[in-house]
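Thank you all for coming. I would like to walk through one structure slowly, beginning with a single contact and then moving outward to the sheets and the surface.

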Amino acid sequence: IEIHNYWFHQYLKNDNYDWHTHSKSQYSSVYYIELPNKKYKTIFKDIDIDVNEGDILSFPSYLLHKSPILNDERKTILSFNFSVF
């Protein structure tokens, strides 16, 4: 396993991340440190995946996904991209 990059992101009121993919890796993961409401989970174009605070969600990096706009709550994640050889 090769981890290509990793980052921490804290979403505050009105923060979001528009539709995107992660190139140069096979998989992406999101660890939900704070997820005050499931409506703020990662959204995929054609797939609905149930996640909870404390979960790690791994998915193929080519899947189009986004993070919805937050209202008054805070969402905190740790993400990383990796490949398996």
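Which side chains meet in a salt bridge of 2.8 Å, N to O? They are those of Arg74 and Glu34, where a salt bridge is a side-chain nitrogen of Lys or Arg within 4 Å of a carboxyl oxygen of Asp or Glu.

Before I go further, a word on what we are looking at. This is a predicted model, in which local features need pLDDT of at least 70 and side-chain atom pairs count only at pLDDT 80 or more, while totals for chains, interfaces and linings use all residues. Residues are numbered from 1 along each chain as its sequence is written, and side-chain values use heavy atoms, with hydrogens and water left out.

Back to that pair, then. Arg74 and Glu34 link distant parts of the chain, since Arg74 is in the loop between β6 and β7 whereas Glu34 is in strand β3, 40 residues apart; strands here are DSSP runs (E, at least two residues), numbered from the N terminus. Arg74 is partly exposed, with a relative accessible area of 40%, and Glu34 also counts as partly exposed, at 23%. For these words, buried means under 20% relative accessible area, exposed means over 50%, and partly exposed lies in between, with a 1.4 Å probe and protein chains only. Glu34 has another partner, because its side chain is joined to that of Thr76 by a polar contact of 2.4 Å, a polar contact being a pair of N or O atoms within 3.5 Å, where within protein one must be able to donate a hydrogen and the other to accept it, and residues adjacent in sequence count only if both atoms are side-chain atoms.

Thr76 takes us into strand β7, and it is buried, with a relative accessible area of 3%. Seven of the nine residues of β7 are buried, so the strand is largely enclosed by the rest of the structure.

Where does β7 sit among its neighbours? It belongs to an open sheet of four strands in the order β1-β7-β3-β5, with antiparallel pairing, and two strands are said to pair if DSSP finds at least two bridges between them. The edge strands are β1 and β5 (56-60), each of which pairs on one side only. From one strand to the next, the twist averages 20°, with axes taken as lines fitted to C-alpha atoms and angles running from 0 to 180 degrees between N-to-C directions. Nine bridges connect β1 and β7, and Gln10 stands opposite Thr76 in β7. On the pairing of β3 (residues 27-34) with β7 (residues 75-83), there are seven bridges, with Val30 facing Ser79 and Tyr31 facing Leu78.

There is also an open sheet of three strands, in the order β2-β6-β4, again with antiparallel pairing. Its edge strands are β2 (17-20) and β4 (43-44). Two bridges hold the pairing of β2 with β6 (residues 65-67), and Tyr17 stands opposite Ser67 in β6.

Let me turn to the loops. Asp72, in the loop between β6 and β7, counts as exposed at 63% relative accessibility, and its side chain makes a polar contact of 3.3 Å with the side chain of Lys13. The C-alpha atoms of Asp72 and Leu12 are separated by 7.4 Å, although these residues are 60 apart along the chain.

How many salt bridges does the rule give? The count comes to four. Among them is the pair of Lys38 and Asp50, at 2.9 Å, N to O, and another is formed by Lys41 and Asp48, at 2.7 Å. In that last pair, Lys41 counts as buried at 15% relative accessibility, whereas Asp48 is exposed at 67%.

Finally, the backbone and the surface. Asn14, in the loop between β1 and β2, has a positive phi of about 70° although it is not a glycine, and Lys24, in the loop between β2 and β3, likewise has a positive phi, near 65°. On the surface, Ile1, Ile3, Tyr6, Tyr27 and Val84 make a nonpolar patch of about 580 Å². Patches are made of residues with over 30% relative accessible area and no salt bridge, with like charges joined within 9 Å and nonpolar side chains (Val, Leu, Ile, Met, Phe, Trp, Tyr) within 5 Å, and the accessible areas come from the Shrake-Rupley method with a 1.4 Å probe, where for residues only the protein chains shown count as cover. Of these residues, Ile3 is in strand β1 (residues 2-11) and counts as exposed at 52% relative accessibility.
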